[in-house]
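Got the viewer open? Here is a short walk through the model, one selection at a time.

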Amino acid sequence: MGITREGIVCENLDEMDVVFDRTEVLHDTPTSYCPGCSHSVVHRLIMEVIDELGILGDTIGVAPVGCSVFAYHFMNVDMQQAAHGRATAVATGIKRVLPEKIVFSYQGDGDLAAIGTAETIHTINRGENIVMIFINNGIYGMTGGQMAPTTLEGDVTSTTPLGRDIYRQGHAIKITEMVAIMDGSYYVTRQAVNSAKTVRKCKKAIKQAFQYQIDGKGGTSYIEVVSNCPSGWKMTPIEANKKIDEQVLDYYPLGDLKTPPKGA
Amino acid sequence: MAKKLLMKGNEALAEAAIRAGVKGYFGYPITPQSELLEYMATNLDSRGGVFLQAESEVAAINMVYGASGTGKRVMTSTSSPGFSLMQEGVSYMACAELPCLLVNVVRGGPGLGTIQPSQGDYFQAVKGGGHGDYKLIVLAPNSVQEMADLVYLGFDLADKYRIPTLILSDGALGQMMESVEFPEYNVEEHLVDHSNWTTVGRENGREQHYITSLHLLSEKMEEINVHLQDKYKEIQKNETRFESIQTKDADILIVAFGLSSRSSQKALELARERGIKVGILRPITLFPFPSDELKRLSKSVKGILVVEMNAGQMVEDVRLSVGSNIPVDFYGRMGGMIPQPDEIVEKITNLYKQVKK
């Protein structure tokens, strides 16, 4: 019989190297996310970055309304929970009176690209030196699977039962492309977390964004994470991750949309 | 002795806020409060604070929310339609117990209404305003001097009770010029230590702080509700403020707040010249409302006249306070019109005829 560590029974654990462990910046608690949901992965990446950059004592996060409304129960950093759509206004308020602190917002697509569009655009237009994390899963998960501003044409949701018709419900919004052309944005990138490879790249991008804020380089750093919603999409996690590769990334291609000028 | 200055109400309020140590001002232009925003734009950054013009009142109140969560003294100001837009954020702040100073320089409504003065937002101010069971501390100045004085009190009470405090002014008080003196006020002596709940980063690895107004478990939410209601009772017990003018021998009591108390003061003089003994009770705090004082006065006066610049809002609280023991009459003007002293005297005379025995 091997030893038990945090409830895990494993043979000869004491003779093994620890190659992966939970960062202390994540609460030691199960998340409320559905199995396979991208939120858990992105939470972990942000908390690992905060840990690795040694900025826990200086970081304040802002949680949105949506599935990640309880982010502060999982992310063990100081946090404020904002009204629906207002995360970046709240983040602006914090950063303006505490400019030396590190501030990030975490929002879904309804929050950032529908009800909070004005706050999104104007926060970036002012070039607030914060990190904005945008979870784009193309659906309202928390309220039960309604159409999001980023729902793809033809996709069935509970409020587009015949599939999204662009002539009736408009187009899937490309808000990240809009953000990238704004003078106030500094670093704009679109990442995903549907494979080991994309997870690694996404973490690198998040770390870069926080580093820009620490360096006090002018402007907003913005990361869209193309995410899944197995429950809302009515798919298994594997099918959902496959849909991202096969459909979503055609419309929302990955990569940097704006990087700081060389030598900046 | 401080120097006397001639200032607009909006500017006096802004100057007082800077002297009271405001560190963040977030606002959006709207008549008739824009001088306040402009005064902050010109003066706040050079005097230790941050001014930011938001993209909307919705954004402004949420910036106040965020900045308040750091423990700094922060504020916003607006006028009626703008304050309607802020209500969601105010409700969140009330639940999360975030202190701040709010200013509503009221104009006539409903709708886009008029830019002229009004007291039509009384209900919104004292009954909550946004969704859910909450109250604000509501202070009602009636002069440029009080536009300044109530700022210090407003910040102190907001900090003491962790509650948004509202100064309910109006377009005339905001725009008119009077002399004002700024009292000695040592900010450091008034600041409250908020470090056990503010979100400023987990310095030295201390436990996490988070600010929220979300409590999905009904048992927990009810606990929060009970806590808030207890706090409001405490405020009611400790913080009621009013001005009593010639109430001792009064047969007719005028109840009026803010600008309408100024017209009422003139009406009092005119009525007394005609031999009718009139007194005024002027609530300075609209929440907490001076119900006990009203109840006490209702035993010595013969009739009450409530004068407001609306269709009759505070009059409901007066009636709730005094019950049916005594006639309560109402006189109001709306749409930006101000009750004139002679109109008030006419109402007083009619009421006096009814009640004198």
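**First stop: the seven-stranded sheet**

Select chain B and look for an open sheet of seven strands, ordered 3-2-4-5-7-6-13 with mixed pairing. Helices and strands here are DSSP runs, numbered from the N terminus (H or I of at least four residues for helices, E of at least two for strands), and two strands pair if DSSP finds at least two bridges between them. At the edges sit strand 3 (50-53) and strand 13 (285-287) of chain B, each pairing on one side only. Neighbouring strands of this sheet are turned by 20 degrees against each other on average, direction ignored.

A quick word on the model itself: it is predicted, so local features need pLDDT of at least 70 and side-chain atom pairs count only at pLDDT 80 or more, while totals for chains, interfaces and linings use all residues. Residues are numbered from 1 along each chain as its sequence is written, with chains lettered from A and ligands numbered from 1 in the order in which they are written.

Now pick strand 5 (100-106) and strand 7 (164-170) of chain B: they run parallel and are joined by seven bridges. Zoom in on B:L102, whose bridge partner in strand 7 of chain B is B:L166. Next, show helix 3 (57-68) of chain B, which packs on this sheet and touches strand 2 (24-27), strand 3, strand 4 (74-78) and strand 5 of chain B. The direction of helix 3 makes about 165 degrees with that of strand 4 of chain B. Axes are lines fitted to C-alpha atoms, for helices over the stretch in contact, and angles run from 0 to 180 degrees between N-to-C directions. Contact between two residues means C-beta atoms, placed from the backbone, within 7 Å.

**Second stop: the five-stranded sheet**

Stay in chain B for an open sheet of five strands, in the order 10-12-11-14-15, again with mixed pairing. Its edge strands are strand 10 (242-245) and strand 15 (328-332) of chain B. Strand 11 (252-255) and strand 14 (303-308) of chain B run parallel, with four bridges between them. B:I254 stands opposite B:L305 of strand 14. Helix 12 (314-322) of chain B packs on the sheet, touching strand 11, strand 14 and strand 15. Add helix 13 (341-355) of chain B, which lies across strand 11, strand 12 (278-283), strand 14 and strand 15 at about 160 degrees to strand 14.

**Third stop: where the chains meet**

Show both chains: 32 residues from chain B and 29 residues from chain A take part in the contact. Which element of chain B gives the largest share of the side that touches chain A? Helix 3 of chain B does, with seven residues. Then find strand 4 (78-81) of chain A, which pairs in the parallel sense with strand 9 of chain B over two bridges. A:M79 has B:Y210 as its bridge partner there.

**Last stop: A:C67**

Select A:C67, in the loop between strand 3 (59-63) and helix 2 (71-74) of chain A. Is A:C67 buried or exposed? A:C67 is buried, because 24 other C-beta atoms lie within 10 Å; the cut-offs are 20 or more for buried, 12 or fewer for exposed and partly exposed in between, with C-beta atoms placed from the backbone. Leaving aside neighbours within four places in sequence, A:C67 is in contact with A:Y33, A:H39, A:G108, A:G141 and A:M142. Try a distance label: the C-alpha atoms of A:C67 and A:Y33 are separated by 7.5 Å, though the two are 34 residues apart along the chain.
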